[in-house]
Amino acid sequence: FQLRPRKVIVMAGTNDLLTTAPDLWWRTPGANPEEVISRLISNLEALVERAKEHEGMDIYLCSVLPADLCPPYDKLGFAELVRRANDGIRALCGRTGTPYVDFHSALVREGGLLIRDGITHDGVHPCGEGYEIMAQVLREAVPGLE
């Protein structure tokens, strides 16, 4: 905030949601999903409020990306957490008048759960084609981006 950017684009949540899985190496349970999603939304809300304190600063909140995790992760359970987090982010955007950048819809397979084939190498991070899709979504959502 001290740099006073005109546009702030925030994409958060994947690593938070991954903490809900148990750690098989350390034999510890995963974090409580409700608490993780609540903390994510609360942190995003705090960012939105801080941005509103700065005249001329526009903030955009992005969806959590779909994934296709390999074992030992529960890929469908994770997809449900992503859906719930995105519902919370979208609702926050509605309450605060903050634009919502929906990467999820552009990257998800038919059926709405997992990331499309061919746009990730590891099931989590987009590769070149995935980032090209995201760049187009961002250009459409954020005025003034070239």
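Leaving aside neighbours within four places in sequence, which residues is Ile-59 in contact with?

**View 1. Contacts of Ile-59 in the predicted model.** The structure shown is a predicted model. Apart from its neighbours within four places in sequence, Ile-59 touches Val-8 and Val-10. Its other contacts of this kind are Leu-47, Val-48, Ala-51, Thr-98 and Pro-99.

**View 2. The largest nonpolar core.** This core has 26 residues. Ile-59 is among those with the most contacts inside it, together with Leu-17, Leu-44, Leu-61, Phe-78 and Ile-89. At least two residues of the core come from each of β1 (7-10), α1 (14-18), α2 (33-52), β2 (58-62) and α3 (75-96). In soluble globular proteins, nonpolar side chains tend to be buried together.

**View 3. A second core.** Separate from the largest core is another, made of 13 residues. Its members include Val-101, Ile-115, Ile-119 and Leu-138.

**View 4. The open sheet.** Three strands form an open sheet in the order β1-β2-β3, and their pairing is parallel. Why is one side of β1 and of β3 (100-101) left without a neighbour in the sheet? Both strands stand at the edges and each has a single partner strand, so one side of each has no neighbour there.

**View 5. Pairing of β1 with β2.** Four bridges link β1 and β2 in the parallel sense. Lys-7 stands opposite Asp-58 of β2, and Ile-9 stands opposite Tyr-60 of β2.

**View 6. Pairing of β2 with β3.** β2 and β3 run parallel and are joined by two bridges. Leu-61 has Tyr-100 in β3 as its bridge partner. β2 and β3, with α3, make a right-handed β-α-β unit.

**View 7. Side chains along β1.** Which residues of β1 point to one face and are buried, and which point to the other and are not? Val-8 and Val-10 share one face and are buried. Lys-7 and Ile-9 point to the other face and are not buried. The side chains therefore alternate along the strand, where buried means under 20% relative accessible area.

**View 8. β2 and the helix across the sheet.** Of the five residues of β2, four are buried, so this strand is largely enclosed by the rest of the structure. α2 lies across β1 and β2. The helix runs at about 165° to β2.

Technical notes: Residues are numbered from 1 along each chain as its sequence is written. This is a predicted model: local features need pLDDT of at least 70, side-chain atom pairs count only at pLDDT 80 or more; totals for chains, interfaces and linings use all residues. Side-chain values use heavy atoms; hydrogens and water are left out. A nonpolar core is a set of buried Ala, Val, Leu, Ile, Met, Phe, Trp, Tyr and Cys residues joined through side-chain atoms within 4.5 Å. Buried means under 20% relative accessible area, exposed over 50%, partly exposed in between (1.4 Å probe, protein chains only). Contact means heavy atoms within 4.5 Å. Two strands pair if DSSP finds at least two bridges between them. Axes are lines fitted to C-alpha atoms, for helices over the stretch in contact, and angles run from 0 to 180 degrees between N-to-C directions. A crossover is right-handed if, with the strands pointing away from the viewer, the path from the first strand over the helix to the second runs clockwise.
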